[in-house]
Amino acid sequence: MNRRGYSLETEYPDDEDNEGLSMWFAAKDGFTFAADNPIELLGLVTVYEDVQPKEDRPYWWREKTDWNGPTLGEQLLDQAIAVEEARVAEFAALRESDPRAWEAEVREAVEEVWAGALKEEFWVHAFCTVASTLRIPRKELRHVLEDPLFRDLRG
């Protein structure tokens with residue numbers, strides 16, 4: 001940010017600040033940005049550089065927002081749902097076309113994660129990690145593990 005012409009400052013907390021929080025500031029062309037850490041500050045400056053507002057007014061970061069269509073968040077969520085649905089369908093198709101390969105994929109993911117869980121991961125995260133390894137939602141993994149083939153994995 002310094003190389004891009006921003007003046008930068010940080011405010012170190014004093015002894016009376018019970019939370020011990022520092023603040024980070026950047027300023028340029030009449031705009032001042034404040035954040036709790038340098039990464040957040042970089043994010044604010046990046047939005048500013050993308051929007052390029054003419055004046056510092058409330059909610060200037062919304063100037064380029066298209067309010068007539070879906071938001072970026074909605075678009076990304078729709079995309080994630082479509083990818084997830086395709087993977088669940090692919091996984092179900094593998095079960096139908098090659099049950100042994102399907103079973104082997106599930107067992108390999110479970111064994112890989114369980115080995116890590118025994119060594120370094122928290123058991124709480126193991127189930128989520130298996131689902132992530134298989135690239136299926138946790139709900140689908142619960143359904144998969146109900147199959148009699150995996151009775152031994154349910155402990």
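Helices here are DSSP runs of H or I with at least four residues, numbered from the N terminus. On that basis, His125 sits in helix H4. The model is a predicted one, and everything that follows is read from it. His125 itself is partly exposed, as its relative accessibility comes out at 44%. Its C-alpha atom lies 9.5 Å from that of Val113, with the two positions 12 residues apart along the chain.

Turning to the strands, E1 covers residues 7-11 and E2 covers residues 23-28, and the two pair in the antiparallel sense through five bridges. One place to look at this pairing is Ser7, whose bridge partner in E2 is Ala27. E2 also pairs with E3, which spans residues 31-35; here again the strands run antiparallel, and five bridges join them. On this side, Phe25 has Ala34 of E3 as its bridge partner. E2 and E3 form a hairpin with two residues between the strands, and in that hairpin Asp29 takes a positive phi near 50°. As a general point for reading the strands, side chains in a regular strand alternate between the two faces of the sheet.

Next come the charged side chains. Opposite charges can pair when the charged atoms of the side chains come close. The structure holds nine salt bridges, and a few of them are worth walking through. One of these joins Glu63 and Arg57, with 3.0 Å between the closest N and O atoms. Glu63 has a relative accessible area of 36%, so this residue counts as partly exposed. Arg57 is likewise partly exposed, because its relative accessible area is 39%.

Arg87 gives another case. This residue is found in helix H2, which runs over residues 72-97. With a relative accessible area of just 7%, Arg87 falls under the 20% cut-off and is therefore buried. Leaving aside residues up to four places away in sequence, Arg87 touches Glu105, Leu134, Arg135 and Ile136. With Glu105 the contact is also a salt bridge, at 2.7 Å from N to O. That pair links distant parts of the chain, as Arg87 belongs to helix H2 and Glu105 to helix H3 (residues 99-119), 18 residues apart. Is Glu105 buried or partly exposed? Its relative accessibility is 27%, so Glu105 counts as partly exposed, whereas its partner Arg87 is buried.

Arg135 makes a salt bridge too, this time with Glu90, and the closest N and O atoms are 3.9 Å apart. Arg135 lies in the loop between helix H4 (123-134) and helix H5 (138-145), while Glu90 lies in helix H2, so the pair ties together parts of the chain that are 45 residues apart in sequence. Arg135 reaches 51% relative accessibility, over the 50% cut-off, and so counts as exposed. Glu90, at 44%, is partly exposed.

Which residues are linked in a network of salt bridges? They are Arg87, Glu90, Glu105 and Arg135. Put with the accessibilities, the network takes in the buried Arg87, the partly exposed Glu105 and Glu90, and the exposed Arg135. As for where these residues sit, Arg87 is in helix H2 and Glu105 in helix H3, while Glu90 is in helix H2 and Arg135 in the loop between H4 and H5.

Conventions: Residues are numbered from 1 along each chain as its sequence is written. This is a predicted model: local features need pLDDT of at least 70, side-chain atom pairs count only at pLDDT 80 or more; totals for chains, interfaces and linings use all residues. Side-chain values use heavy atoms; hydrogens and water are left out. Two strands pair if DSSP finds at least two bridges between them. Buried means under 20% relative accessible area, exposed over 50%, partly exposed in between (1.4 Å probe, protein chains only). Contact means heavy atoms within 4.5 Å. A salt bridge is a side-chain nitrogen of Lys or Arg within 4 Å of a carboxyl oxygen of Asp or Glu.
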